Amino acid sequence: MRFQILGPVRVMQGTTDVKLGPPKQRALLALLLAHAGQPVPLHGIVDALWHQDPPATAVNVIHRHVAALRRLLEPGLLSGTASHRLVRDSGGYRVDVAPHELDLLRFRTLRQDARRAARQGDRAKAVELLVEALDLWRGPAGSGIPPEVRALPVFTAVDDEHVAAVKEAAGYVPTAGAVLTEHVLVTLRQAAAHHPLDEGLQARLIEVLAAAGRQGEALETYRVVRARLADELGLDPGPELREAQRTALHRPRAQVPAAPGPDPAAATGAPPPAQLPCDLSVFTGRSGELGLLDTLVPEPGDPAQAVVISGMAGVGKTTLAVHWANRLADRFPDGQLYVDLRGFHLTGPAMSGPEAMRALLDAFGVAVSRIPAELRAQTALYRSLLAGRRVVVVLDNARDSEQVRPLLPAPPGCLAIVTSRHQLQGLMAVEGAHSVTLNPLDEDEALALLSRRLGSARVTREAAAAAEIVALCGRLPLALAIVSARAALNPGHPLAAIADELRTSQGSLDAFVGEPPLADARCVFSWSYQALTPRAAELFRLLALHPGPHCSVAAAASLAATGVREIRSCLAELVRAHLLFENEPGRFTSHSLLRAYAAELAAEFETAHDVAAATTRVLDHYLHSAHAAEAVLAPHRERITLRRPAAHTLPERFSDQRGAADWFERERPVLLAAAAQHGRHGDGAFSWQLASVLEMYLDRNGRWQQQRTVQSTAITAAQREGDLLGQAHGHRALGFALSRLGQWEGAGEHLERALRLFRELGDMPGQARVHRYGAFIANRNSRHTEALEHYRLAGDLYRAAGHLNGVASVHNEVGWTYLLLGEYGKAVEECGRSLAIHRETGDRNGEAAAWDSLGVAHRRLGHYDQALASLHRALGMYRQLRDSYLVADTLVHIADTHLAADRTDSAATALRLALDILEDIGHPDAEGVRARLLGTG
């Protein structure tokens with residue numbers, strides 16, 4: 001499927017235009033395509049499509065258009081299945097298209113390529129690329145959509161990109177050749193006609209006309225522009241126009257670069273070099289990477305190309321490079337060269353520049369007496385030898401960009417393939433190299449690798465064991481090769497026995513030891529480790545102590561007891577060395593085998609004291625950060641008191657509820673892993689404290705199974721240490737989690753234990769919350785009188801403790817119980833008391849909850865307008881507080897009110913908004929709302 005926005009908005013399936021529907025639907029697609037890959041918020045879409053005074057049904061209309069566009073863009077999409085093209089994102093929508101599918105993205109890519117070519121001195125190529133980019137335009141961006149939408153800044157900005165590209169092409173023309181000058185002139189004249197008062201654009205037209213030898217036309221253009229400026233704006237020409245006139249006066253003809261001269265180097269008489277290592281007979285997988293690499297091969301006459309294949313040790317960089325180069329060999333008949341630069345090697349130093357250059361010159365039979373002494377002169381000779389030839393050069397195992405740069409072939413049509421454990425950003429920035437980063441194989445490719453090495457029958461026969469081997473090897477080709485070699489040498493051994501050995505040795509590399517240096521995982525990893533600076537090496541070791549699966553910058557700084565600036569430098573070094581991966585900005589992960597290697601190094605080089613101190617700092621980072629986030633999300637909720645964090649710990653700080661909620665969601669896997677890890681091996685306090693801090697967030701977001709797991713672990717840890725407070729908090733939270741899951745008997749048992757422990761400790765707020773949870777269970781089982789008794793006890797405990805917000809919350813929950821009893825007047829009275837106290841104490845969360853309950857009570861009384869007024873007060877407050885779940889819950893109550901008043905369309909709109917939120921946060925309530933929404937249709 002192809003998308004066009006540079007002119008009329010079009011979508012084509014093959015050669016057929018897809019009918020895009022009514023004007024607003026077409027405009028919505030154009031808006032999303034103009035922001036391709038970036039979300040457009042719902043309010044932004046409403047403003048764009050209606051500009052002023054949107055109807056009450058605007059959001060509903062947008063949802064209908066989105067649904068229709070999804071059907072058009074993904075004809076096979078099943079009902080209820082998530083779209084991969086038009087997706088929900090950040091409270092709005094986003095269109096995902098590949099760069100080759102959308103003309104705007106293709107235009108931008110070509111423009112970037114042109115700039116790169118110009119930086120490399122190839123202005124003719126730059127003009128060719130810009131001409132290709134400009135040919136994608138068929139009119140103003142978004143033509144055909146309503147004019148008020150097309151007038152939006154996003155479309156104006158895209159149009160400005162066209163003008164800027166025209167100016168860039170014109171700027172390169174004077175040295176690009178006569179044929180290209182004519183191509184540019186056509187587009188330049190059109191742009192100048194559309195922007196008659198753009199002095200920069202008119203100046204470029206005058207300069208290009210002069211470069212083409214058309215002085216008369218150039219000077220006439222200047223005269224017309226000068227007159228227009230005077231007539232319409234009352235201005236004289238600016239400096240750009242005046243300089244263009246001077247250029248036209250003193251440049252009579254176009255300057256066309258001469259064709260390259262003959263080969264300056266004498267023929268050596270040697271046969272073309274063919275140095276590539278043998279392709280691996282069992283090579284498998286990497287089809288996606290090979291497809292990408294094949295698009296980077298230069299054609300004869302194209303500028304020379306460099307491709308960097310980077311990745312962690314053992315991921316198969318050399319294997320892929322050699323395989324690809326062998327596939328391409330017949331396209332480079334003048335030579336296939338290979339040099340191992342030894343950038344990461346324990347047995348010797350990296351190859352020097354002169355040494356590597358001599359190897360390349362030797363390949364062409366250049367006599368030693370002809371090789372200059374200095375590297376600069378050697379490089380000149382090397383590139384002169386390659387002039388007029390088409391060669392591929394594999395530069396394997398490079399240490400850094402400077403080691404590689406002199407060895408890159410310069411003549412058109414040549415290809416350099418560079419492999420490195422570092423990213424070689426310098427080659428990309430300065431030489432315009434393309435980068436392909438290798439990750440571990442996917443599961444299917446890893447199984448195929450085993451099948452090629454061990455035979456498909458053996459792998460198929462023990463499919464479960466083979467899949468476990470793949471998982472335990474982390475899908476790393478080196479590890480799979482080592483294990484396969486061992487299995488091949490012992491054909492009678494079942495794969496299940498090998499999987500068992502790997503499982504037993506997890507946490508170490510003992511199962512991945514082969515013949516050194518290339519078949520020994522420790523040895524291979526050590527080459528990367530030995531190249532690190534001391535500070536980065538220390539961080540690499542300490543990261544083995546992190547609970548995983550990803551580490552933030554602040555957590556790494558806490559772990560290493562250093563500042564953020566210094567830790568960023570160390571993290572960047574580890575990423576460049578592919579010992580860490582930055583899968584998203586500021587979040588770092590590592591391969592499981594690299595973590596095992598780091599753990600071995602930490603055990604060898606770090607003292608027990610240092611390990612304990614680093615572990616305490618990173619756990620304190622997460623505990624105190626979570627505590628701070630919870631305090632922002634619910635500032636008036638009773639919470640545990642923590643000891644001060646260890647020295648050099650850097651907890652996160654949060655300025656608003658959205659930031660706190662986002663942090664919880666990002667860090668949730670780490671927090672759960674930390675609680676589980678420390679619950680099994682620590683002193684117990686951290687595990688139950690973190691579980692207590694996580695309780696509200698996990699409950700609010702419907703993650704009740706995770707709640708059950710983390711609280712069970714916390715109870716076990718607290719029991720092991722005899723910590724009564726930890727046990728009390730754990731039993732209380734676990735009891736409530738079980739009630740959410742409908743496990744009433746177990747829930748009651750845990751709440752009873754919690755109540756006994758809180759009484760023993762004299763903790764009145766703790767007892768009060770247990771009674772509130774008991775009331776929740778009673779109400780869910782229609783035992784409303786029992787619930788009211790629980791609330792009476794909870795209120796008395798809160799009053800005795802001086803906890804006014806607790807008292808207010810109990811009034812609200814009592815009001816809800818009266819709603820369940822059908823006593824709506826009493827419900828209004830209790831919720832009103834709750835509202836008054838929450839207002840007095842400034843508890844915005846509690847106030848919003850009271851407004852929500854009041855709204856439901858008024859709806860039950862048939863006071864629909866009063867109900868909606870209360871519910872919208874609650875909705876506005878929850879939105880200000882950025883509490884996504886309670887926004888959705890209140891929207892459902894608003895929908896109930898509209899349904900009671902026979903306003904089905906408004907109810908459907910509210911339900912749809914609620915469903916979008918619940919789906920975004922993955923809440924189990926989404927299913928029920930989805931069913932209700934279908935019922936409104």
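In the predicted model, Leu424 is buried, with a relative accessibility of 5%. This residue lies in the loop between β10 and α17 (425-431). Its phi is near 55°, a positive value in a residue other than glycine. A positive phi is also found in His648, at about 70°, although His648 is not a glycine. His648 belongs to the loop between α28 (608-633) and α29 (657-681). With a relative accessibility of 56%, His648 counts as exposed, whereas Leu424 counts as buried. Another histidine, His681, is part of helix α29 and is exposed at 65% relative accessibility. His681 and His621 are 60 residues apart in sequence, and their C-alpha atoms are 18 Å apart in space.

The strand β10, which precedes the loop of Leu424, belongs to an open sheet of five strands. The order of the strands is β8-β9-β10-β7-β11, and the pairing is parallel. Strands β8 (336-340) and β11 (434-437) stand at the edges, and each has a single partner strand, so one side of each is left without a neighbour in the sheet. On average, neighbouring strands of this sheet are turned by 15° against each other, direction ignored. Strands of a sheet pair through backbone hydrogen bonds, in either a parallel or an antiparallel sense.

Within this sheet, β7 has β10 on one side and β11 on the other. Strand β7 (residues 305-310) pairs with β10 (residues 415-420) in the parallel sense over six bridges. Ala306 of β7 has Ala416 as its bridge partner in β10, and Ser310 has Ser420 as its partner in that strand. Strands β7 and β11 also run parallel and are joined by four bridges. Here Ser310 stands opposite Thr437 of β11. Ser310 is therefore placed between Ser420 in β10 and Thr437 in β11, with the term "partner" resting on the bridges between paired strands.

The covering of β7 was examined next. Six of its six residues are buried. In a regular strand the side chains alternate between the two faces of the sheet. In β7, Gln305, Val307 and Ile309 point one way, while Ala306, Val308 and Ser310 point the other way. The residues of both groups are buried.

The largest pocket of the model has a volume of about 1,600 Å³. Its lining consists of 46 residues, of which Phe736, Arg740, Phe776, Glu813 and Leu886 are the closest to its centre. By residue class, the lining divides into 14 nonpolar, 15 polar and 17 charged residues. Several helices contribute to this lining. At least two residues each come from α30 (685-700), α32 (724-740), α34 (764-780), α36 (804-821), α37 (824-841), α38 (844-860) and α40 (884-900).

The cysteines were also considered. The count of disulfides comes to zero, where a disulfide requires two cysteine sulfur atoms within 2.5 Å. For Cys570, the closest cysteine sulfur is that of Cys551, at 12 Å, which is too far for a bond. Cys570 is buried, with a relative accessible area of 5%. Cys831 is buried as well, with a relative accessible area of 0%.

Methods. Residues are numbered from 1 along each chain as its sequence is written. This is a predicted model: local features need pLDDT of at least 70, side-chain atom pairs count only at pLDDT 80 or more; totals for chains, interfaces and linings use all residues. Side-chain values use heavy atoms; hydrogens and water are left out. Two strands pair if DSSP finds at least two bridges between them. Axes are lines fitted to C-alpha atoms, for helices over the stretch in contact, and angles run from 0 to 180 degrees between N-to-C directions. On a 1 Å grid over the protein atoms alone, a cavity is a set of points where a 1.4 Å probe fits but cannot get out, and a pocket is an open set with protein on both sides within 12 Å along at least five of seven lines; lining residues have an atom within 4 Å of a point. Grid points are joined across faces, edges and corners, and a volume is the space filled by probe spheres set on the points. Ala, Val, Leu, Ile, Met, Phe, Trp, Tyr, Cys and Pro count as nonpolar, Asp, Glu, Lys and Arg as charged, and the others, Gly among them, as polar. Buried means under 20% relative accessible area, exposed over 50%, partly exposed in between (1.4 Å probe, protein chains only).
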